[in-house]
Amino acid sequence: MKSFAKASLIAAALSLPLSISSAQAEEKKDFKVCWSIYVGWMPWGYLQDSGIMKKWADKYGIDVEIVQINDYVESINQYTAGEYDGCSMTNMDALSIPAGGGVDTTALIVGDYSNGNDGIILKDKTDLAEIKGQSVNLVELSVSHYLLARALDTVGLSEKDLTVINTSDADMIAAYATADVTSVVTWNPLLSEIEAQPNATKVFDSAGIPGEIIDIMMVNTETLADNPDFGKALVGAWYELMSIMSSDTDAGIAARTAMAEASGTDLAGYDAQLATTKMFYTPAEAVEFSKAAELPATMKFVAEFLYDKGILGEGAPSPEFVGVSFPDGSIYGDANNVKLRFDPSYMQMAADGAL
Amino acid sequence: MRIINRKPSRVTALALGALPFVATIIVYSVASHYRRLENPADKLLPSLESMGAAFWRMAAIPDRRSGDLLLWVDTIDSLWRLGTGMAVSTVMALSLGIAIGFIPHVRSALAPYLATFSLIPPITILPILFITFGLGEVAKIALIVIGTAPVMIRSTAQAVLDIPREMIIKAETLGATVWQMITRLVLPQVLPKLITALRLGLVPAWIFLISAEAIASTTGLGYRIFLVRRYLAMDVILPYVLWITLLAFLLDRLLLLLSRRAFRWHHAGGDAL
C-alpha cells in the first residue's frame, strides 16, 4: 500500500498546480507579462528596469511585472499554460501555440515586423535557386521554416526539393562551421554572425516578404476584456518608451545602449539590428499596419503553412480551423472558433492621446 | 504474523503492482478533465483519447508531408543508432575490459586514463563531436559510445579482477596459454556481467540518444519530441515518452532473459530485480 500512497501523492502533487488555472475571468490587480531576447522586444526589459512600466501601472492603480524568459518557445508555452497574462511572440507562433491550443489571444501591441532579420545563407553558393537538393539546417516549424517556404515559392521550388534538418538555434553557429552543413536559415544576431564568415552569402531575407513575420505583444483576451486598465498601462508605457528610443537625444541613446547591452551587443550592433527591423515607433503606424488589407492575406499564408506542417492543433481539419479576426470585423477561418484577434483599439487610444 | 513475513499471493502481487500505474492514470485524467472544462483545446494535459488518437495517427496514418508512418520511422532510426552505439560500446567493453583486467601492463597504461575519461560529462563535448564528426549519424553514435563505453569497460575489467586468483593459478599450472585462459576461463565468467553492464549502460544510452537527436536531426524519437515541443503538442509528447519507456523496458527484459537462458548457472544464486 505504501508505494500506492506514495505514487498517488506524487502524482497529485505534480498535477495539482497544473489543474488550477490562472486564466480565470476576473478583475485583478497584479499582472505578469513575459518576453525573450529579440531586437524588437528589448524595450520590454528596459520598461521594467527604467521604471516607465511602474509609472504607468501606478497611474491605473495596478501592478505589472515584466519577466524575461531565456527560451523563446518556453515563454510562449508558459503563457499558453496560463502562467502569464501576456507574452511577446510572432504572429505565426501566436496562431499555432496559444490560439491553436484554445487560449483566446489578442494582439495588443504590434511592435514591429522583420525586415531582414531572418535570412537564408548558402555556403560557397550565391543564388537561392542553388539550394535545390541541399540539406538545410534550421529550427523546424519556426519562422525560419516559414521564411524558407516563402522563399522557395519565389524560385518555383518546394520543400520536396531539399532536406530540412532540425537544428537547435543554440548550435547553429557551430553547425555552420562543420563541413556537411551547406545552408542554414536563422535569425539575428545569429544571422549576422554567420553571414560574416567568408564563404557565406545571404541569398534571401525577410525583407523579401515584408510584413509577414510580425512581432507582437499578445495578451489573454479574457484578462484584457475584464481589465482594460492592464491594456492601457502596457500600451501607454510602450509608446512612451518608443518615442524616447526613436529619438537621438541623450535619453534615446541611453535607452538603446541599455537594450544593446542586455542583448549582448553594443549600440552600433543594436542599431544595425534595428535597421533590419521595421519598428512601429508611433501608435498610428501600428494601427495603420493592423488595419491594412495585407494582414488578412498574411495570416492566410501563415495558417496554410501551419496546416501544411500539421501544427495547427491536433486533428485540425483545414487551415481555417482556428479563426482570426481583424479590425474591420472580418474573420479568416472558423467564425465559431476565433482565438486570435487583431484589435488596434488600445493602440488607437495611444494615438489619440487618450491614455 | 509480522508484516515482513506476510507475502502477497500471485494475484495480489499483480494487483499491487498495477495500483500505482492505475492511480497515476486516474490522477492524470482528473487533472486533465478539470483543465479541459475551462478550455477544451487545452494543450498541456490532453485527454487520454486525444493522446490515443495522436499515437494512432503517428503509427498508422502516413504523414502529410513525407508519406511516412512517423512512429515507425522514428523508432527504427532511433533503435538503429542506439543498437550501433551499444554494439560498439559492448565490443570495446569486452576487448578493453578483459585486457585491462587481465594484463597488468595494459591496466597500468589505460586504467587511470579511462577513469579520468569516464568522468567527462559527454554532453559537454558535444560541440567538439559536431566539428569532428559532422552533424550526421556518426556524431550521434559517438555520443552514445562516449557516454556508455568507459563505465562498461570499467565494470567489465572489474569483473575480470574479481575472478578468484586460485582459478587462474590452477589454469596456469595445468599449462594453459594466456589465450586459452581468456577464452576458457575469463570469457565465461565475464559474459553474464557484460550483459549486466550492457543493461546498466542502456539507461544513459537512451539519454544521450535523445539529446543527440534533439540537437540536429531529421528523424528519431528524440527529434520528434523536441520538434513538437515547439507547439506544445503534449498529446504527441506523452505517448512518445511512454513508447520510449516501453522500448527501454522490453530491451532490458530481453537482455535479462538472454542472460538467464545463456548463463543459467550465473542466476542460480537467486533472483534479482
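This passage describes a sheet shared by two chains, the contact between them, and several local features of chain A in a predicted model.

The sheet is open and is formed by six strands, which follow one another in the order β9(A)-β5(A)-β8(A)-β6(A)-β7(A)-β1(B), with mixed pairing. Its edges are occupied by β9 of chain A, which spans residues 200–205, and by β1 of chain B, each of which pairs on one side only. Within this order β8(A) stands between β5(A) and β6(A), and its pairing can be followed on both sides. With β5(A), the strand β8(A) runs antiparallel and is joined by five bridges; in one of the pairings between a residue and β8(A), Gly119(A) has Thr186(A) as its bridge partner. With β6(A), by contrast, β8(A) runs parallel, and two bridges join these strands. Here Asn137(A) finds its bridge partner in Val184(A) of β8(A), while Val136(A) stands opposite Ser183(A), again in β8(A). The strand β8(A) is also mostly covered, since four of its five residues are buried.

At the other end of the order, the sheet passes from one chain to the other. Strand β7 of chain A, residues 163–167, runs antiparallel to β1(B) and is joined to it by two bridges, and the bridge partner of Thr167(A) in β1(B) is Ala216(B).

The contact between the chains draws on 53 residues from chain A and 36 residues from chain B. The size of an interface is often given as the accessible area lost when the parts come together. For chain B and chain A, the buried area is about 3,700 Å², and carbon and sulfur atoms give 58% of this area. Two salt bridges are found across the interface of chain B and chain A, including one in which the side chains of Asp71(A) and Arg229(B) meet, at 3.5 Å from N to O. Across the interface of chain B and chain A there are also nine residue pairs in polar contact, counted where both residues have pLDDT 80 or more. On the side of chain B that touches chain A, at least two residues each are supplied by α1 (10–38), α5 (126–133), β1 (216–217), α9 (221–228) and α10 (234–262) of chain B. Of these elements, α1(B) gives the largest share of that side, with nine residues. When the residues on the side of chain B that touches chain A are sorted by class, 20 are nonpolar, six are polar and ten are charged.

Several features of the backbone of chain A may be set against a general background. Most residues other than glycine have a negative phi, and most peptide bonds are trans. A cis peptide bond, with omega of about 5°, joins Asn188(A) and Pro189(A). Pro189(A) is placed in the loop that lies between β8 (183–187) and α8 (190–195) of chain A. Two residues other than glycine have a positive phi, namely Asp124(A), with a value near 60°, and Leu141(A), with a value near 70°. Asp124(A) belongs to the loop between β5 (118–123) and β6 (135–138) of chain A, whereas Leu141(A) belongs to the loop between β6 and α6 (143–154) of that chain. The surroundings of these residues can be described in opposite terms: Asp124(A) is exposed, because its relative accessible area is 61%, which is over the 50% cut-off, while Leu141(A) counts as buried, because its relative accessibility is 4%, which is under 20%.

A further buried position in chain A is Ser114(A), which lies in strand β4, residues 105–114. Its relative accessible area is 1%, and Ser114(A) is therefore classed as buried, the cut-off being under 20%. The side chain of Ser114(A) makes a polar contact of 2.6 Å with the side chain of Asp118(A), and another polar contact, of 2.5 Å, joins the side chains of Ser114(A) and Ser206(A). When neighbours within four places in sequence are left aside, the residues in contact with Ser114(A) are Tyr38(A), Ser206(A), Ile213(A), Asp215(A) and Thr276(A).

Key
Residues are numbered from 1 along each chain as its sequence is written. Chains are lettered from A and ligands numbered from 1 in the order in which they are written. Side-chain values use heavy atoms; hydrogens and water are left out. Buried means under 20% relative accessible area, exposed over 50%, partly exposed in between (1.4 Å probe, protein chains only). Two strands pair if DSSP finds at least two bridges between them. Contact means heavy atoms within 4.5 Å. Buried area is the accessible area (1.4 Å probe) that two parts lose on being put together, summed over both. A salt bridge is a side-chain nitrogen of Lys or Arg within 4 Å of a carboxyl oxygen of Asp or Glu. A polar contact is a pair of N or O atoms within 3.5 Å; within protein, one must be able to donate a hydrogen and the other to accept it, and residues adjacent in sequence count only if both atoms are side-chain atoms. Ala, Val, Leu, Ile, Met, Phe, Trp, Tyr, Cys and Pro count as nonpolar, Asp, Glu, Lys and Arg as charged, and the others, Gly among them, as polar.
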